[in-house]
Amino acid sequence: MKYSLPDLFGTLGVVMIIGSYLLVQIGRLNATSVPYTLANALGASLVLISLYFDFNLSAFLIELFWLLISLVGLLRITLRRSSSG
């Protein structure tokens with residue numbers, strides 16, 4: 001098996017998503033924080049980039065929704081900060 005640049009992007013994306021989830025579970029990161037939400041959005045984006053080169057519908061769908069949900073979270077954080085400030 002050849003390990004390509006898209007494979008690297010996908011692997012980094014998975015590491016970001018799993019790593020941020022681990023940090024939430026061990027109490028090192030808040031699940032409603034900007035760093036957690038950004039890590040999920042960036043991780044999903046990297047996996048989506050890798051899927052462009054080796055498409056898989058089910059993986060594409062879960063990462064697309066993971067990205068969209070993360071963007072909703074970032075929007076909520078931004079709106080909450082702007083209304084309280």
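The following exchange asks what stands behind the terms used for this predicted model.

User: What are the ground rules for this model?
Analyst: The model is predicted, so local features need pLDDT of at least 70 and side-chain atom pairs count only at pLDDT 80 or more, while totals for chains, interfaces and linings use all residues. Residues are numbered from 1 along each chain as its sequence is written, and side-chain values use heavy atoms, with hydrogens and water left out.

User: How do you know how many helices and strands the protein chain has?
Analyst: They are DSSP runs, numbered from the N terminus: helices are H or I over at least four residues, strands are E over at least two. By that count the protein chain has three helices and zero strands. Along the sequence the pattern reads α-α-α. The C-alpha trace spans about 50 × 25 × 20 Å along its principal axes.

User: Why is leucine 74 called buried or exposed?
Analyst: Buried means under 20% relative accessible area, exposed over 50%, and partly exposed in between, with a 1.4 Å probe and protein chains only. Leucine 74 has 19%, so leucine 74 is buried. Leucine 74 sits in helix α3.

User: What makes a residue a contact of leucine 74?
Analyst: Contact means heavy atoms within 4.5 Å. Leaving out residues up to four places away in sequence, leucine 74 touches Val34, Thr37 and Leu38. The C-alpha atoms of leucine 74 and leucine 38 are 7.6 Å apart, with their positions 36 residues apart along the chain.

User: Why is asparagine 40 called buried or exposed?
Analyst: Its relative accessible area is 3%, so asparagine 40 is buried. Asparagine 40 belongs to helix α2. Beyond its neighbours within four places in sequence, asparagine 40 contacts Ile17, Ser20, Trp66 and Ser70. The C-alpha atoms of asparagine 40 and tryptophan 66 are separated by 7.3 Å, although the two are 26 residues apart along the chain.

User: Why do serine 83 and threonine 32 get their labels, buried or exposed?
Analyst: Serine 83 has a relative accessible area of 63%, so serine 83 is exposed. Threonine 32 has 52%, so threonine 32 is exposed. Serine 83 is in helix α3, and threonine 32 is in the loop between α1 (5-25) and α2. The C-alpha atoms of serine 83 and leucine 12 are 35 Å apart. Those of threonine 32 and isoleucine 77 are 8.0 Å apart.

User: What makes a set of residues the largest nonpolar core?
Analyst: A nonpolar core is a set of buried Ala, Val, Leu, Ile, Met, Phe, Trp, Tyr and Cys residues joined through side-chain atoms within 4.5 Å. The largest one has seven residues: Ile17, Ala41, Ala44, Val47, Leu48, Leu51 and Leu67. Helix α2 (residues 34-53) supplies the largest share, five residues. Leucine 51 also contacts Asn56, Ala59 and Phe60, its neighbours within four places in sequence left aside.

User: How do you know what lines the largest pocket?
Analyst: On a 1 Å grid over the protein atoms alone, a pocket is an open set of points where a 1.4 Å probe fits, with protein on both sides within 12 Å along at least five of seven lines; lining residues have an atom within 4 Å of a point. The lining of the largest pocket includes Thr32, Tyr36, Asn40, Trp66 and Arg80. The elements giving two or more residues are α2 and α3 (57-84). α3 gives the most, with seven residues.

User: What share of the protein chain is buried, and how much area is exposed?
Analyst: Buried residues make up 28% of the 85 residues. The chain exposes about 6,100 Å², and carbon and sulfur atoms supply 71% of it. Areas come from the Shrake-Rupley method with a 1.4 Å probe; for residues, only the protein chains shown count as cover.
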